[in-house]
Amino acid sequence: MLLKENPVMATERYNPRASEPKWQKAWDAEKLFETKNEDPRPKYYVLEMFPYPSGRIHMGHVRNYTMGDVVARYHRAKGKNVLHPMGWDAFGLPAENAARDNKVNPRDWTYSNIKTMKGQLKTMGLSLDWAREFATCDPSYYRHQQKMFLDFWKAGLVERRSAKVNWDPVDMTVLANEQVIDGKGWRSGAPVEQRDLTQWFFKITSMSQDLLDGLDTLERWPEKVRVMQQNWIGRSEGLLVRWPLAKGTAPAGESELEVYTTRPDTIFGASFMAIAADHPLARKVAEANPKLAAFIDEVHHMGTSVATLETAEKKGFDTGVRVVHPFDANWTLPVYVANFVLMDYGTGAIFGCPAHDQRDLDFANKYGLPVVPVVKPEGVDAASFLITEEAYSDDGKMINSRFLDGMSPEQAFNEVATRLSGTTIGNRPQAERKVQFRLRDWLISRQRYWGCPIPVVHCDDCGAVPVPTEQLPVELPSEVTFDKPGNPLDHHPTWKHVDCPKCGKKARRDTDTMDTFVDSSWYFARFTDPWNEAAPTTLSYVDGKGGWLPVNQYIGGIEHAILHLLYSRFFTRAMKATGHVNAVEEPFEGLFTQGMVVHETYRGPQGWVMPAEVKVEEADGARKATLLADGTPVEIGSIEKMSKSKKNVVDPDDIIASYGADTARWFMLSDSPPERDVIWTEAGVEGAHRFVQRIWRLVADAAPALRDVAPKAGTEGDAATVSRAAHKILKAVGEDIERLHFNKAVARLYELANVLSPQVAVVNDGGGERAGAVRQALEFLIIMIAPMMPHLAEESWQALGGKGLVAAARWPAFDPALVVDNEVVLPVQVNGKKRGDLTIARDADQAAVEKAALALDFVQKALEGKTPRKVIVVPQRIVNVVA
RNA sequence: GCGGACGUGGCGGAAUUGGUAGACGCAAGGGACUUAAAAUCCCUCGAUCCAUGAUCGUACGGGUUCGACCCCCGUCGUCCGCACCA
């Protein structure tokens, strides 16, 4: 048998399937990622939005948790005491649906999903502190939530009241305002109906102003999210104005109509009043007016189907009632019921000024009401300024407004406010300034089983009574049935029947559970001490000196821009008010919203097809797809968010099994900026995997020569070039990671690999400085890829003979002398066009640079004998010769 | 309708925020190695032209500037959020 001679450089391919579990075990054995609260080093808290345990992780999780892990590992390497925990947002409706459909217990279903997903997350090699793990459905978690609910109640931050609420007919539960998107339930997508119900509310509106002001302090939040929250809170400054009803037109017992306006300056342009269909005055008039009653009924029906609302025509009905103008006893205006006026904003009544509001103008044109302009643009003649089809809503000068004429709208606003505040009708001023918010109270009652029970007992004599602290938690019963529609807790034969904690009489538990957004509104605080059995938080650890909050870097999806993030901001303030945190009000100091993972769609004769079933080939510049199974042609569709319905999903398990976690992580970080969507492609993954192998080859090829070489920066020739590149890139990568510019850091690392490849190939040859310089550059490279591809980094570190684990290694410091060059290459322009380069000493002065530039032959040639008028020298940047 | 973001090669994207446009990657083409393939390595890769070079080029039209992807005015397009909020 012929023995094949082993080539010297032969290197086995890196095998992630063998390496990755090995290093994960090594980290676990060292308890490397378990964080101690007492650790004296500076703290850094990085958190990714915790997942709902739906069953399996998806690529969105992979992207989110990879980013967080890079941040965590980087700051750990920089010497911080890093908190990087993980848990489960475990309450919610899918568990009940699974229970109904598959006859499994929601608890069993949830914990089994958690087990699966935890296993999947472990294969990703995330540097998480699993010792702090909890699920929000653990009674040991929600007991504290119940305690805080009661504390909030005592502090006046909780209220039970009857209100018009959003009813989701599919999920059979009520929803908070924020959870109604385009008139549909945020989860079910079903059109939401309005119902009158008695429910629990968190009084988030009591903090409207503070929540708005707090946004200004969130410098490390995306502008976009702050604007969205600002709009959601919706502050406006205006005037409440009371208009007396004209005698003889008002129904018995009614004497005035109060409206809210942000444009009191346009009061002389008023031509009608419009009130909501539910306004008391409308109801009263309707009692004696069947036609109006029919109109109101019509509005109600339209109101329920929100889809039609967007296109709905502006309609009104003249009630016959007239109001008297506050500044002219002889001027009366009609009162209409209008379908576009909302009862629950302001007073449910407005005055219409058609000239300066498009909606009012449309309405006035439809019903033949007067249109009188009272604000004219600068430089336009008042007499000829007419409004017909387009309302004028900009600034200008007051006209047709008696004592307001000539003023600016702002002055007129103040003048009207002052005058009307000074006059009284019925012992009250006729007007008062009012700041109005769009934000409504947070409705937290849900008529569902799988949520945190509201710890209240209803007694016929004592009313709503808090469950005493020592009886917490109020635990969910385990025997429940889901065969009837409605709330399983309410159907339960025994659970709700208890004695009143106050008087001992027979009473009933509240059968509602809390909105699951309550669970996620404080989990970040619980992570700081999840072991505390006595209280939700431990004051010495939760915030302030020696505490963790605020979260230094929070990472998650933009879809929570309002819901989760606004609720958490409220909850943190409420926790402060009830002594559960020391001082912190804003829970998230830095927020980053990452983009989605998107993928091409494929459609075959039988509908959507998964990427795994498709083969894509490129021929003659056109990409063609066929079914792997039988070669049937498949149509390549648009790139969309990965979703089950379009089947354009890639399973993280499959990717990790075939390429390894490091490849998946690297791909998630390359190319696309993290805030933008990333397109998952097979070619991209393969590219990432090629780089993994390339790094391994680089290390393995260099290891024999470098194992016993001490790292040292080079000063001459190739060695100097390598070291300069390595130190510059070390500096840049650190800065990029700190700014979360992972794609740029990745590009720098490719560059370093490109610089090192030819050096490694010759590192065995000459002696000199090269070996030390290459060794140092390789170490830098390994430490820099460690946050991104931690397993490959460990394997490489070991091959090079590094001490200990890279996961515990310190981030090296770059040498400032090596990141600046002694000579700089300045581009030289003539009349703004680049003609060549000038290489000159870094510290050359202006005059020297100017002289050297003018001496260049290409400059002389471009000047064509003309004398330069001016030479602009921007130090270290550019030279421009102007002729 | 209101508010916000964005528009750069075949593609994803860089460009120190007014100073060399296209870093880095993907795709493509050519070559080397190989019996062959894979892997790997090397080269080319914005467009045009009288191709040793030059001209044009960052959605489009103007402007400011010695100099504009970047600032200003206008137009077109894409995406996101809010939407009868008085």
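## Strand pairing, burial and cysteines in chain A

Strand β3 (residues 158-168) and strand β7 (residues 193-202) run antiparallel and are joined by ten bridges. Strands here (E, at least two residues) and helices (H or I, at least four residues) are DSSP runs, numbered from the N terminus. Two strands pair if DSSP finds at least two bridges between them.

This is a predicted model: local features need pLDDT of at least 70, side-chain atom pairs count only at pLDDT 80 or more, and totals for chains, interfaces and linings use all residues. Residues are numbered from 1 along each chain as its sequence is written, chains are lettered from A and ligands numbered from 1 in the order in which they are written, and side-chain values use heavy atoms, without hydrogens and water.

K164 stands opposite D196 in β7. β3 also pairs with strand β4 (residues 173-175), again in the antiparallel sense, over three bridges. D168 has T173 of β4 as its bridge partner. Four residues separate β3 and β4 in a hairpin. In its turn, M172 has a positive phi of about 55°.

Strand β26 (residues 553-557) pairs with β27 in the parallel sense. Four bridges hold that pairing. G557 has Q594 as its bridge partner in β27. Side chains in a regular strand alternate between the two faces of the sheet. In β27 (residues 591-594), L591 and T593 point one way, F592 and Q594 the other. All four are buried, that is, under 20% relative accessible area (exposed is over 50%, partly exposed in between; 1.4 Å probe, protein chains only).

Chain A has 27 helices and 37 strands. Its C-alpha trace spans about 115 × 90 × 65 Å along the principal axes. Of its 883 residues, 53% count as buried. Contacts (heavy atoms within 4.5 Å) are counted at a separation of 6 or more, and residues 24 or more positions apart account for 71% of them.

How many disulfides does the structure hold? Zero. A disulfide is a pair of cysteine sulfur atoms within 2.5 Å. Two cysteines show why no bond is assigned to them, because their closest sulfur partners are too far away.

| Cysteine | Closest cysteine sulfur | Sulfur distance | Relative accessible area |
|---|---|---|---|
| C452 | C137 | 11 Å | 0% |
| C500 | C459 | 3.7 Å | 3% |

C452 is buried. C500 also counts as buried.
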